[in-house]
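Here are my comments on the model you sent round, set out as numbered points. They deal with the ligand and its surroundings.

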Amino acid sequence: AAGDAGKGERVYKKCAACHQVGEGAKNRVGPELNDLIGRTAGSVDGFKYSKAMTEAGAGGLVWDETTLDAYLESPRTAIKGTRMAFPGIKEADDRADVIAYLATFSKQ
Ligand code: HEM
């Protein structure tokens, strides 16, 4: 089901410690998240990714509603060796909402 971007803005507070999104967003602990939908994993210029994330992108992983849902549910299960130190979001609705919020910063 499509998420609610307004609710997702609240869920995103969990991400904001490490990620920026929106005008002027910069890489911090994690890469900036503008234009995330349709973006190849591990592809932001100037961000030093884990080998696991770089390889996932080279292997064809592209971020969309489905791939983000799996990564955000359990980052280290979805991409073994990722250095995103985040346990994941248990509730499917919360994941859908934060993905809908991030999609508002994507052209796709
Ligand atoms: C990577 C989303 C929370 C640190 C990523 C990526 C996404 C993402 C989509 C892959 C980006 C890419 O391929 O360019 C989120 C969301 C979060 C969240 C939606 C909240 C629900 C966090 C938190 C931290 C963090 C809290 C820090 C404690 C990182 C790091 C990477 C990353 C270091 C790079 C991982 C690697 O190279 O393996 N995040 N993140 N993230 N995130 Fe997060």
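1. In this predicted model, the side chain of arginine 39 places an N or O atom 2.8 Å from an oxygen atom of the ligand. An N or O atom in the side chain of serine 50 lies 2.5 Å from a ligand oxygen, and for the side chain of tryptophan 63 the corresponding distance to an oxygen atom of the ligand is 2.9 Å.

2. Which protein atoms act as donors to the iron atom of the ligand? They are NE2 of His19 and SD of Met84, at 2.0 to 2.1 Å from the iron. This pair joins distant parts of the chain, 65 residues apart: histidine 19 belongs to the loop between helix H1 (5–11) and helix H2 (51–58), whereas methionine 84 belongs to the loop between helix H4 (75–78) and helix H5 (92–103).

3. The geometry of the iron site is octahedral, with six donor atoms and angles among them of 87 to 179 degrees. For reference, the ideal angles for six octahedral donors are 90 or 180 degrees.

4. The ligand sits in the largest pocket, and 26 residues surround the ligand, of which Cys15, Cys18, His19, Ser50 and Met84 come nearest. Serine 50 thus appears both in this nearest group and in the 2.5 Å pair described under the opening point.

5. By residue type, the shell around the ligand consists of 18 nonpolar, five polar and three charged residues. Helix H3 (residues 65–73) supplies the largest share of this shell, namely three residues.

Notes:
Residues are numbered from 1 along each chain as its sequence is written. This is a predicted model: local features need pLDDT of at least 70, side-chain atom pairs count only at pLDDT 80 or more; totals for chains, interfaces and linings use all residues. Side-chain values use heavy atoms; hydrogens and water are left out. A residue is near a molecule or strand if one of its heavy atoms lies within 4 Å of it. A polar contact is a pair of N or O atoms within 3.5 Å; within protein, one must be able to donate a hydrogen and the other to accept it, and residues adjacent in sequence count only if both atoms are side-chain atoms. On a 1 Å grid over the protein atoms alone, a cavity is a set of points where a 1.4 Å probe fits but cannot get out, and a pocket is an open set with protein on both sides within 12 Å along at least five of seven lines; lining residues have an atom within 4 Å of a point. A molecule sits in a cavity or pocket if more than half of its atoms lie within 2 Å of its grid points. Helices (H or I, at least four residues) and strands (E, at least two) are DSSP runs, numbered from the N terminus. Ala, Val, Leu, Ile, Met, Phe, Trp, Tyr, Cys and Pro count as nonpolar, Asp, Glu, Lys and Arg as charged, and the others, Gly among them, as polar. Donors are N, O and S atoms within 2.8 Å of the metal (3.2 Å for Na, K and Ca); water is not among the atoms, so sites may look incomplete. Four donors count as tetrahedral if all angles lie between 85 and 135 degrees; four count as square planar and six as octahedral if opposite donors are over 155 degrees apart and all others between 65 and 115; anything else is irregular.
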